[in-house]
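Thanks for coming. I have one structure to go through this morning, so please look at the sequence and the model while I talk.

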Amino acid sequence: MYQMFFSSLTVPEAIQRFEIVTAWFLKLPFLVTQELKNLKVFSKGAYDVVTNVDYAVNNSFVECIKNNFPDDLIISEESLPAGHCEDFMHILDPIDLTRNLGSRRTFFTLYCFRLKQKPQFSIIQLFNPTKLLVATNQGLFNFDGSSWIKFSITSQSSTIRWVKVEDYSLVDSSTSYQSISSRQVFLDLALGKLDWFEYSKNGKWLAWDYAPFIDMLHLLPYTEINVCPQVLKNGYLDTSSNDSERNFVIKGNLVNDNQAN
């Protein structure tokens, strides 16, 4: 079953972790649904909150990895780093866009796995609507409830579609966005809804917010991204300046569209 996700050159250690983690993700919607029945919100600071859902997802994932790969390093938003082997690194955002919990707006669970800092696979679980996306160097896959389907770009716009974002604000765009976020921009490129984007932000970049999307675009055969920074053990991306005017700039674009079919 898992041969469709990887090339014959993929190391067995990555496939072992892929099997365990995808099995955990397939059970995740049930866990989230159960926890949402008794939603509790706690303050993490002046402008940040966390919920019982965040903690439940975090604790379940950490337990899963510790039971199967006790030495692997786990970097998650809702707990201190666990494990000591940085060659096998799991990066998790248990619930991204926590403020949308309890509403009909989209929120995510974000994850990626790196072997010696090299991306191996990335998983994005969307809620509202529920959709599970897995990216490897063989392509983008969607679980339809019973089987895995490989994504393909079936139609292309005759015009170039692009967007520029600075510090969470839309600077310029060829297409209309009601609201803007890094998640939307990165996903739209992965789904073939954009031809290119430029995303820049001053300050610290949290690994669990960005590494899963960066790794997804790095892995997919029909997208490319200009940078895939190291993930530091303290939970930040190594964002040494790669631009003379902005603190950190990520640029992504579609390449040969035929590779996606």
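I will start with a definition: a residue is called buried when its relative accessible area is under 20%. Keep in mind that this is a predicted model.

With that cut-off, take strand β5, residues 85–96. Nine of the 12 residues of β5 are buried, so the strand is largely enclosed by the rest of the structure. Who are its partners? On one side, β3 runs parallel to β5, and five bridges join the two. With β6, the pairing is antiparallel, over seven bridges. His90 is a convenient residue to look at here. Ile74 stands opposite His90 of β5, and His90 also stands opposite Phe113 in β6. As a reminder, side chains in a regular strand alternate between the two faces of the sheet.

Now the whole sheet. It is an open sheet of eight strands with mixed pairing, in the order β4-β3-β5-β6-β7-β8-β9-β10. The edges are β4, residues 79–82, and β10, residues 148–150; each has a single partner strand, so one side of each is left without a neighbour in the sheet. From one strand to the next, the twist averages 20 degrees.

Further along the order, β8 covers residues 131–136 and β9 covers residues 139–143, and the two pair in the antiparallel sense over five bridges. Within that pair, Leu133 has Asn142 of β9 as its bridge partner.

Next, the helices that lie across these strands. Helix α1, residues 12–36, lies across β3, β5, β6, β7, β8, β9 and β10. Its direction is at about 15 degrees to β7. Helix α2, residues 52–68, lies across β3, β4, β5 and β6. α2 runs at about 155 degrees to β5.

A third helix, α3, is worth a look for its burial. Eight of the nine residues of α3, residues 182–190, are buried, so this helix is largely enclosed by the rest of the structure. Which residues of α3 are buried? They are Ser182, Arg183, Val185, Phe186, Leu187, Asp188, Leu189 and Ala190. The list includes Arg183 and Asp188. After α3 comes Gly192, with a positive phi near 75 degrees.

For contrast, go to the loop between β6 and β7, where Lys116 sits. Is Lys116 buried or exposed? Lys116 is exposed, at a relative accessible area of 62%. From Lys116 to Phe141 there are 25 residues in sequence and 24 Å in space, C-alpha to C-alpha.

Finally, the chain as a whole. Its secondary structure comes to four helices and 15 strands. The radius of gyration is 18 Å, close to the 18 Å that the globule rule gives for 261 residues, so the chain is as compact as a globular protein of that length. Along the principal axes, the C-alpha atoms fill a box of roughly 50 × 50 × 35 Å. Of the 261 residues, 49% count as buried. The accessible surface comes to about 12600 Å², and 48% of that belongs to carbon and sulfur atoms. Among contacts with a separation of 6 or more, 56% are between residues 24 or more positions apart.

To go back to where I began: β5 has nine of its 12 residues buried, with β3 parallel to it and β6 antiparallel. That is what I had to show.

Key. Residues are numbered from 1 along each chain as its sequence is written. This is a predicted model: local features need pLDDT of at least 70, side-chain atom pairs count only at pLDDT 80 or more; totals for chains, interfaces and linings use all residues. Side-chain values use heavy atoms; hydrogens and water are left out. Two strands pair if DSSP finds at least two bridges between them. Axes are lines fitted to C-alpha atoms, for helices over the stretch in contact, and angles run from 0 to 180 degrees between N-to-C directions. Contact means heavy atoms within 4.5 Å. The radius of gyration is taken over C-alpha atoms; the globule rule is 2.2 Å times the number of residues to the power 0.38. Buried means under 20% relative accessible area, exposed over 50%, partly exposed in between (1.4 Å probe, protein chains only). Accessible areas come from the Shrake-Rupley method with a 1.4 Å probe; for residues, only the protein chains shown count as cover.
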